[in-house]
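Grab a coffee and work through these short exercises on charged pairs and a surface patch. Try each one on the structure before you read its solution.

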Amino acid sequence: MAPDPWFSTYDSTCQIAQEIAEKIQQRNQYERKGEKAPKLTVTIRALLQNLKEKIALLKDLLLRAVSTHQITQLEGDRRQNLLDDLVTRERLLLASFKNEGAEPDLIRSSLMSEEAKRGAPNPWLFEEPEETRGLGFDEIRQQQQKIIQEQDAGLDALSSIISRQKQMGQEIGNELDEQNEIIDDLANLVENTDEKLHNETRRVNMVDRKSASCGMIMVILLLLVAIVVVAVWPTN
């Protein structure tokens, strides 16, 4: 497995910072003797610019690794701590170069020591979990990839559940639409039936009124007939 590009860049950046501290110390030794060292000054300026660019690259790589979930949040925080320390060293070195800060030997003591080069424990690893303690970078990366794969599997399962729930919601919505259409049809049928009933009721009332009128006419005719009969009936 290829080495992690972030740690490769970090190691080379630490070496540049250490070289800058050594160059500043050499320049200061010349100045104490009343001598000038213009070549060293130019070299230090170039190294400081290189250090700045390397730190910017580390920031970009870290942001990309965190945003794409190539590393865990814990590992991201650990690398951020290392990066913050480098930024602090850069400020100290720049101040020392301008003769405004600590002596380079004090700065250099905070850089990578010979003991660290031989593989001494990193101070930022003291609080890491038991399951990653003592593992190399490649092993930690493999473990992180496994965790990410498990998280992806969990997200896939959650996505599947949400997709099924969405499908159920759509089916329920379609069924509700069908029920609403049936209710609308029933409402229209009731409205038509009510109108027909109203019309029939009106016709019945008209028939009743006509029947009553005919009955009155018949009664009147019978009375007239009776009167005529009485009038023409001979009396003894």
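**Exercise 1.** How many salt bridges does the structure hold?

Solution. Keep in mind that this is a predicted model. The structure holds six salt bridges. The next exercises pick some of them apart.

**Exercise 2.** Work out where Arg27 and Glu31 sit, and whether each is buried or partly exposed.

Solution.
- Step 1: find the contact. Arg27 makes a salt bridge with Glu31, and their closest N and O atoms are 3.7 Å apart.
- Step 2: place the pair. Both belong to helix H1 (residues 5-32), four residues apart, or about one turn of the helix.
- Step 3: check the cover. Buried means under 20% relative accessible area. Arg27 has 5%, so Arg27 is buried. Glu31 comes in at 37%, so Glu31 is partly exposed.

**Exercise 3.** Do the same for Arg64 and Asp60: find the N to O distance, the helix and the exposure.

Solution.
- Step 1: the closest N and O atoms of this salt bridge are 2.6 Å apart.
- Step 2: Arg64 and Asp60 are about one helical turn apart, because they are four residues apart in helix H2 (residues 38-67).
- Step 3: Arg64 has a relative accessible area of 45%, so Arg64 counts as partly exposed. Asp60, at 35%, is partly exposed too.

**Exercise 4.** Are Arg79 and Glu75 buried or exposed, and which residues share their salt-bridge network?

Solution.
- Step 1: the side chains of Arg79 and Glu75 meet in a salt bridge, 2.8 Å from N to O.
- Step 2: Arg79 has 3% relative accessible area, so Arg79 is buried. Glu75 is buried as well, at 5%.
- Step 3: the two are four residues apart in helix H3 (residues 73-97), so about one helical turn separates them. Through shared partners, salt bridges join Asp4, Glu75, Arg78 and Arg79 into one network.

**Exercise 5.** Now leave the charges aside. Which residues form a nonpolar patch on the surface, and where is Ile220 found?

Solution.
- Step 1: list the members. The patch is formed by Ile217, Met218, Ile220, Leu221, Leu224 and Ile227.
- Step 2: get the area. Together they have about 590 Å² of accessible area.
- Step 3: zoom in on one member. Ile220 is in helix H6 (residues 137-232). With a relative accessible area of 46%, Ile220 is partly exposed. That fits the patch rule, because patch residues need over 30% relative accessible area.

Note on methods
Residues are numbered from 1 along each chain as its sequence is written. This is a predicted model: local features need pLDDT of at least 70, side-chain atom pairs count only at pLDDT 80 or more; totals for chains, interfaces and linings use all residues. Side-chain values use heavy atoms; hydrogens and water are left out. Patches are made of residues with over 30% relative accessible area and no salt bridge: like charges are joined within 9 Å, nonpolar side chains (Val, Leu, Ile, Met, Phe, Trp, Tyr) within 5 Å. Accessible areas come from the Shrake-Rupley method with a 1.4 Å probe; for residues, only the protein chains shown count as cover. A salt bridge is a side-chain nitrogen of Lys or Arg within 4 Å of a carboxyl oxygen of Asp or Glu. Buried means under 20% relative accessible area, exposed over 50%, partly exposed in between (1.4 Å probe, protein chains only).
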